[in-house]
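Q: Could we go through this structure together, a piece at a time?
A: Yes, let me bring it up and we can begin with the charged pairs.

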Amino acid sequence: MRAIELSPLKVPLITVSILLVLSCAKVNAATPNAKANAQKLASFTSEQISTAVSDLGISIPDALFKYSVSLYRLNYPTIDGYGKKVIASGVIAIPSKGINMPSPLLSFQHGTIFQDKEAPSNDLNAGAPPAILASLGYITVAADYVGYGQSKGKAHPYLLKKPSARAVTDFIKHATHWLKQTNISLNKQLFLTGYSEGGYVTMAAHQALQARPIAGLNLTASIPAAGPYHISRTLKSFTSLSTNKQTIASLADSGNDQKLSPIIVDWLTDKIMDQLIPDNSDVIFQDTIIRDYVRNGSAGVAQHNVYAWQATAPTFLFHGRNDVTVPFFNATDARDAMTARGAPNVSLIECTTTPADHEACIPEYGKALIQLLENYAQDL
């Protein structure tokens with residue numbers, strides 16, 4: 001997990017990070033019932049987007065880029081990793097369709113990034129994933145997550161289930177409220193996708209939206225990719241591969257059998273976080289997931305697993321068999337556990353790229369994403 005995620009924005013087609021809404025001011029971050037304002041960030045023609053994609057060496061037919069796109073930032077209230085209210089931000093990319101022409105809503109969850117400038121509402125170029133997906137016909141939204149954008153300086157609740165899901169679901173609520181205010185039509189379809197950490201957040205948000213749907217939206221399909229859904233097993237695998245594998249692996253997962261001293265807990269937590277976070281990161285990462293694993297082993301992080309539940313909407317897992325950053329067993333564990341619990345439509349799509357590792361599979365994820373979405377999306 002050290003390299004744990006490529007910046008999704010390096011391969012725009014794929015890890016779609018998203019810019020937000022339409023207007024021109026700062027958002028009133030009270031509730032979706034309040035008047036919500038948004039700040040316009042940038043606009044791109046379909047030709048600029050197509051050219052940017054070509055310049056990146058990604059082969060996508062020009063004809064797919066049908067719309068010019070406008071990007072907006074919206075601030076909104078959510079919770080941080082400590083359960084406290086915080087004002088976060090995100091981006092919405094709006095395709096320039098005719099009046100009263102509806103669009104499906106696509107929420108993209110970005111992967112782990114270590115520079116705030118790569119957050120969705122800060123990455124303003126024609127080749128950014130939100131612009132690309134919106135040009136295809138989707139109103140695309142992407143939360144920056146807590147710790148980025150408006151909430152930079154707050155600790156990012158890394159791989160914590162509840163605040164990860166809330167960052168997305170709260171943003172979707174406020175974005176759809178703003179869209180309604182500005183007379184931009186949705187067709188009620190909602191899609192979720194993301195790669196790496198974004199795959200994990202997608203699964204957490206899917207589960208949360210199934211439990212508490214958003215009025216006026218139907219979760220049509222979810223495409224989580226290369227995510228660490230089985231957190232406890234992933235952490236055990238990661239610590240076993242660490243530099244001090246004998247010490248970290250044995251001590252970290254011994255929490256159920258013996259209580260480690262606070263000094264050892266602090267040392268192990270710092271050791272693992274040092275391997276996860278590069279020195280040049282300007283984002284603060286909350287260490288709760290690591291600390292709880294070190295303190296109590298697999299049981300300490302079980303509440304953050306998102307691999308074993310019954311999804312009712314179609315769920316398409318995408319993963320590469322040679323992924324050592326986020327091990328492939330996350331996909332097979334999720335598929336098997338969800339199917340065993342009665343999920344009616346869970347599929348695993350294996351990356352065929354050689355090598356089928358974390359980074360190399362990103363372009364293929366993008367192509368698979370577009371194809372899967374087209375099988376369900378209306379009004380593009």
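**Salt bridges, a helix and a cavity**

A: In this predicted model, the side chains of R233 and D333 meet in a salt bridge, at 2.9 Å from N to O.

Q: Where do R233 and D333 lie?
A: R233 belongs to helix α5, residues 231–240, and D333 to helix α9, residues 329–340, so the pair ties together parts that are 100 residues apart in sequence.

Q: And is R233 buried or partly exposed?
A: R233 counts as partly exposed, at 39% relative accessibility, whereas its partner D333 counts as buried, at 14%.

Q: How many salt bridges are there by this rule?
A: The count comes to eight salt bridges, and another of them is formed by R291 and D266, whose closest N and O atoms are 2.6 Å apart. That pair links distant parts of the chain, with R291 in helix α8 (residues 288–296) and D266 in helix α7 (residues 262–276), 25 residues apart.

Q: Which residues are linked with R291 in a network of salt bridges?
A: D266 and D287 are linked with R291 in that network. As for burial, R291 counts as buried because its relative accessibility is 18%, which falls under the 20% cut-off, while D266 is partly exposed, with a relative accessible area of 36%.

Q: What about the salt bridge between R166 and D170, where do the two lie?
A: Both R166 and D170 lie in helix α3, four residues apart, which is about one turn of the helix. Their side chains meet at 2.9 Å, N to O.

Q: Why would residues four places apart point the same way?
A: An α-helix has 3.6 residues a turn, so residues three or four places apart point the same way.

Q: Is D170 buried or exposed?
A: D170 counts as buried, at 6% relative accessibility, whereas R166 is partly exposed, with a relative accessible area of 29%.

Q: Staying with α3, how many residues does it have, and what does it reach from its first C-alpha to its last?
A: α3 has 21 residues and reaches 31 Å from its first C-alpha to its last, which is close to the 30 Å expected at 1.5 Å a residue. Of those 21 residues, 15 are buried, so α3 is largely enclosed by the rest of the structure.

Q: What happens just after α3?
A: Just after α3, N183 takes a positive phi, of about 60°.

Q: Changing topic, how many cavities of 30 Å³ or more does the structure hold?
A: The structure holds one cavity of 30 Å³ or more, and the volume of the largest cavity is about 40 Å³.

Q: Which residues line the largest cavity?
A: The lining consists of Y145, V146, H156, P157, P163, S164, A167, E197 and V201. The elements that give two or more residues to that lining are α3 (161–181) and α4 (197–211), and the largest share, three residues, comes from α3.

Q: How does the lining divide by class?
A: Six of the lining residues are nonpolar, two are polar and one is charged.

Q: Can we look at A204 too, and which residues is A204 in contact with?
A: A204 is placed in helix α4, and, leaving aside neighbours within four places in sequence, A204 is in contact with K161, A165 and V306. A204 counts as buried, at 2% relative accessibility. The C-alpha atoms of A204 and P163 are separated by 9.3 Å, although the two are 41 residues apart along the chain, and P163 is one of the residues lining the largest cavity.

Q: Then S96, where is the place of S96?
A: S96 sits in the loop between β3 (85–95) and β4 (103–109), and S96 is partly exposed, with a relative accessible area of 46%. Not counting residues up to four places away in sequence, S96 touches Y67 and S68. The C-alpha atoms of S96 and K66 are separated by 9.2 Å, with their positions 30 residues apart along the chain.

Q: Last one, how many helices and strands are there in the protein?
A: The protein has ten helices and nine strands, and buried residues make up 61% of its 380 residues. Among contacts between residues at least 6 apart in sequence, 80% join residues at least 24 apart.

Notes: Residues numbered from 1 in each chain as written. Predicted model: local features only at pLDDT ≥ 70, side-chain atom pairs only at ≥ 80, totals over all residues. Heavy atoms only, no water. 1 Å grid on protein atoms, 1.4 Å probe; cavity = no way out; pocket = protein on both sides within 12 Å on 5 of 7 lines; lining within 4 Å. Points joined across faces, edges and corners; volume = space filled by probe spheres on them. Nonpolar A, V, L, I, M, F, W, Y, C, P; charged D, E, K, R; others polar. Buried < 20%, exposed > 50% of the residue type's maximum accessible area, 1.4 Å probe, protein only. Contact = heavy atoms within 4.5 Å. Expected span 1.5 Å × (residues − 1). Salt bridge = Lys/Arg side-chain N within 4 Å of Asp/Glu carboxyl O.
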